[in-house]
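Trainee: I've got a structure open and I'd like to practise reading it with you. Can we go through it bit by bit?

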Number of protein chains: 2
Amino acid sequence: MTISEVSEKYGLPPDTLRYYEKVGLIPPVTRKESGVRDYSEQDCGWVEFIKCMRGAGLSIETLIRYVALYRKGNRTLKQRKQLLIDEREKLQERIEQMQQVLKRLNYKIDLYEDRIVSCEKKLLS
Amino acid sequence: MTISEVSEKYGLPPDTLRYYEKVGLIPPVTRKESGVRDYSEQDCGWVEFIKCMRGAGLSIETLIRYVALYRKGNRTLKQRKQLLIDEREKLQERIEQMQQVLKRLNYKIDLYEDRIVSCEKKLLS
DNA sequence: TCTTGACTTGGAGCCAACTCCAGGCATTAT
DNA sequence: ATAATGCCTGGAGTTGGCTCCAAGTCAAGA
């Protein structure tokens, strides 16, 4: 797959795909002899994984660490697992905080509804 | 309350508090005759609200719009409510996405556990 | 009165994460 | 053969959100 096809498929600009590879956010992509990128299934898998994790707010720095560990092979299994556990913890906290804010927004929206209704009553009376 | 007391209370640096006020993220803070900020209850309320909303990922731009509407008075009640509804929607989507990722992390962590266990078995055999 | 310390402002600097660009090579279409 | 298209690289520029700094003011203590 060419870079523009991958870009299309995952909704990430080609520049971003190149950037991700350059900084080590995804392992080096397969190339044709000419040097042009030719994404394999596995390459696409990494793109999808990174897109997904970035979407949940994991930092680029963290994901670079993860990919670097992956590239060192099987002896880093425990470290990779621990990294994911740490990130899961942070993610859980973020979700809980956001759920609190969601409640607060719901409450505030209800208050606005009340105020709008009573304002309109006043105008009609 | 002085800026450093408010800073202490909400865990936001004084520079950030000034920045928030400068860009209109919170309404202008009460001042002493000397020009020094003297946060009222209401001023603190705004700081707390903005800190909370920022923590959930609402953009500064959006919150500036909200505060600007607030400052225009009661005729903007409906717009403010709509703004909050829109942000609630986005927040809900972000939470759902993050919950998906949480599931995926759980799954991946379990896979790692399996791989680590079978790796250790191999070493012991 | 003079110094110290907390505050003020405007503006520059910084960091994460892209995003864009110039100059160049390679394949494809005419 | 040549032009157009799509890709390449290294590096500069941009955006959001702070964060820091210099130069100045003000109130309280020695």
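Trainee: Let's start with one residue: in which helix of chain B is B:Lys81 found?

Mentor: Keep in mind that this is a predicted model. The helix to look for spans residues 77–124 of chain B. That puts B:Lys81 in helix α5.

Trainee: Is B:Lys81 buried or exposed?

Mentor: Check the relative accessible area, which is 17% for B:Lys81. Buried means under 20%. So B:Lys81 counts as buried.

Trainee: Which residues does B:Lys81 touch, leaving out those up to four places away in sequence?

Mentor: Look across to chain A for these partners. With sequence neighbours up to four places away left out, B:Lys81 touches A:Ile109, A:Tyr112, A:Glu113 and A:Ile116.

Trainee: Okay, so how are chains A and B related: what turn lays chain A on chain B?

Mentor: The overlay has an RMSD of 0.2 Å, and the shift along the axis is 0.0 Å. That is the relation of a two-fold axis. The turn you asked about is 180 degrees.

Trainee: Which residue of chain A comes closest to the rotation axis?

Mentor: Go by the C-alpha here. The distance to the axis is 3.1 Å, and the residue is A:Ile95.

Trainee: Why can we say the copies meet through the same surface?

Mentor: Compare the interface residues of the two chains. The copies meet through the same surface because the interface residues of chain A are also interface residues in chain B, and the share is 100%.

Trainee: Now the DNA. Which helix gives the most to the surface near DNA strand C?

Mentor: In total, 18 residues surround DNA strand C, and A:Asp15, A:Tyr20, A:Arg54, B:Ser4 and B:Arg37 are the closest. Helices that each supply at least two residues are α2 of chain A, plus α1 and α2 of chain B. With four residues, the top contributor is α2(A).

Trainee: How many residues of that surface near DNA strand C are charged?

Mentor: The surface divides into three classes. Six of its residues are nonpolar and six are polar, and the number of charged ones is six.

Trainee: Of the atoms of DNA strand C within 4 Å of the protein, what percentage belongs to sugar or phosphate?

Mentor: Some phosphate oxygens of strand C pair up with the protein: a polar side-chain atom of A:Tyr20 lies 3.0 Å from one, and a polar side-chain atom of B:Arg31 lies 3.1 Å from one. For B:Arg37, a polar backbone atom is 2.7 Å from a phosphate oxygen. Bases make up the rest of those strand C atoms within 4 Å, while the sugar or phosphate share is 71%.

Trainee: Last topic, aromatic rings. What kind of pair do B:Trp46 and B:Tyr66 form?

Mentor: The whole structure has 10 aromatic pairs over all chains. In this one, the ring centres are 6.3 Å apart and the planes are at 55 degrees, so the pair is tilted.

Trainee: And what kind of aromatic pair do B:Trp46 and B:Tyr70 form?

Mentor: B:Trp46 lies in helix α3 and B:Tyr70 in helix α4 of chain B, so the pair ties together parts 24 residues apart in sequence. Their centres are 4.8 Å apart, with 70 degrees between the planes. Over 60 degrees counts as edge-to-face, so this pair is edge-to-face.

Trainee: Is B:Tyr70 buried or partly exposed?

Mentor: For contrast, B:Trp46 counts as buried at 10% relative accessibility. B:Tyr70 has a relative accessible area of 29%, so B:Tyr70 is partly exposed.

Notes:
Residues numbered from 1 in each chain as written. Chains lettered and ligands numbered in written order. Predicted model: local features only at pLDDT ≥ 70, side-chain atom pairs only at ≥ 80, totals over all residues. Heavy atoms only, no water. Least-squares fit on C-alpha atoms with pLDDT ≥ 70 in both. Contact = heavy atoms within 4.5 Å. Near = heavy atom within 4 Å. Polar contact = N/O pair within 3.5 Å; in protein donor to acceptor, adjacent residues only side chain to side chain. Nonpolar A, V, L, I, M, F, W, Y, C, P; charged D, E, K, R; others polar. Phe/Tyr/Trp six-rings, centres within 6.5 Å; stacked < 30°, edge-to-face > 60°. Buried < 20%, exposed > 50% of the residue type's maximum accessible area, 1.4 Å probe, protein only.
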